[in-house]
Amino acid sequence: MPLYHGEMQSKIDEKGRVLLPALFKRQMPSEDYSTYMVKKGYEGCIELYPQFVWDSVEKEIAKLNPHVKADRQFKRRFLLGVQHLDLDKAGRLTLPKRLLEFAGIEKDLVFFAHSYFIEIWNPDKLNDLDNEMTDDEYSDQAQRVMGNINLFND
């Protein structure tokens, strides 16, 4: 599965349409960049999954045990309001109004790609999230998360 990276500022029009940055299209297999799934994300962002990535995510979610309450609750919350989107002829996505309201996006937004999906943020919320942690706290967290990873191990 390809990994996506990058951050792009953008604007949304009055109809909720936003141009998907070419940076992200270039990172996707050419036949797979026109169909997406969109949902509520964590910390107040919107998550945008290319369809071929979403298919893999959904297969994993389907493995959750429907007889375990925590699994049912997570599955419902994770899938609540998921919506299919297609790029229009101009290369735009029309983001659902309820998701824009959830994320507090009115005009400006930030696409933040990492791993296998793209987060869509209100720029102020993303900045606030970045400022929640001091440089020392970030350093401590990096050591905790990455400290035992040998990136250059053959």
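**Entry 1: aromatic cluster.** I looked first at the aromatic rings of this predicted model. Ring pairs join Tyr49, Trp54, Phe74, Phe78, Tyr116 and Phe117 into a cluster. I then searched the whole structure for aromatic pairs and obtained six. I examined the pair of Tyr49 and Phe117: the ring centres are 5.0 Å apart and the planes lie at 20 degrees, so I recorded the pair as stacked, since planes under 30 degrees apart count as such. I noted that this pair links distant parts of the chain, with Tyr49 in strand β4 (residues 46–50) and Phe117 in strand β8 (residues 117–121), 68 residues apart. I checked the accessibility of Tyr49 and Phe117 and found both buried.

**Entry 2: a lysine over rings.** I turned to Lys39, whose charged end sits over the ring of Phe78, 4.1 Å from the ring centre. Phe78 is also a member of the aromatic cluster. I found that Lys39 lies over the face of Tyr42 as well, at 5.7 Å from the centre of that ring.

**Entry 3: Leu48.** I returned to strand β4, where Leu48 is found. Is Leu48 buried or exposed? I read a relative accessibility of 0%, so Leu48 counts as buried. I listed what Leu48 touches beyond four places in sequence: Leu20, Tyr36, Met37, Val38, Leu85, Leu93, Phe117, Ile118 and Ile120. Of these contacts, I followed up Ile120. The C-alpha atoms of Leu48 and Ile120 are 7.3 Å apart in space, while the two residues are 72 residues apart in sequence.

**Entry 4: largest pocket.** I looked up the largest pocket and noted a volume of about 380 Å³. Its lining consists of Leu129, Asp130, Glu132, Met133, Asp135, Tyr138, Gln141, Ala142, Val145 and Met146. Two or more lining residues come from each of α5 (123–131) and α6 (135–146). Which element gives the most to this lining? I found that α6 does, with six residues. By type, I recorded six nonpolar, one polar and three charged residues in the lining of the largest pocket.

**Entry 5: second largest pocket.** I noted about 220 Å³ of space in the second largest pocket. I listed its lining as Glu7, Tyr42, Glu43, Phe112, Glu119, Trp121, Leu126, Asn127, Leu129 and Asp130. At least two of these residues come from each of β8 and α5, and α5 supplies the largest share, four residues. I recorded five nonpolar, one polar and four charged residues in the lining of the second largest pocket. I also noted that Leu129 and Asp130 appear in the linings of both pockets. Tyr42, the residue under Lys39 in Entry 2, lines the second largest pocket.

Methods: Residues numbered from 1 in each chain as written. Predicted model: local features only at pLDDT ≥ 70, side-chain atom pairs only at ≥ 80, totals over all residues. Heavy atoms only, no water. Phe/Tyr/Trp six-rings, centres within 6.5 Å; stacked < 30°, edge-to-face > 60°. Buried < 20%, exposed > 50% of the residue type's maximum accessible area, 1.4 Å probe, protein only. Lys NZ or Arg CZ within 6 Å of the ring centre and 35° of its normal. Contact = heavy atoms within 4.5 Å. 1 Å grid on protein atoms, 1.4 Å probe; cavity = no way out; pocket = protein on both sides within 12 Å on 5 of 7 lines; lining within 4 Å. Points joined across faces, edges and corners; volume = space filled by probe spheres on them. Nonpolar A, V, L, I, M, F, W, Y, C, P; charged D, E, K, R; others polar.
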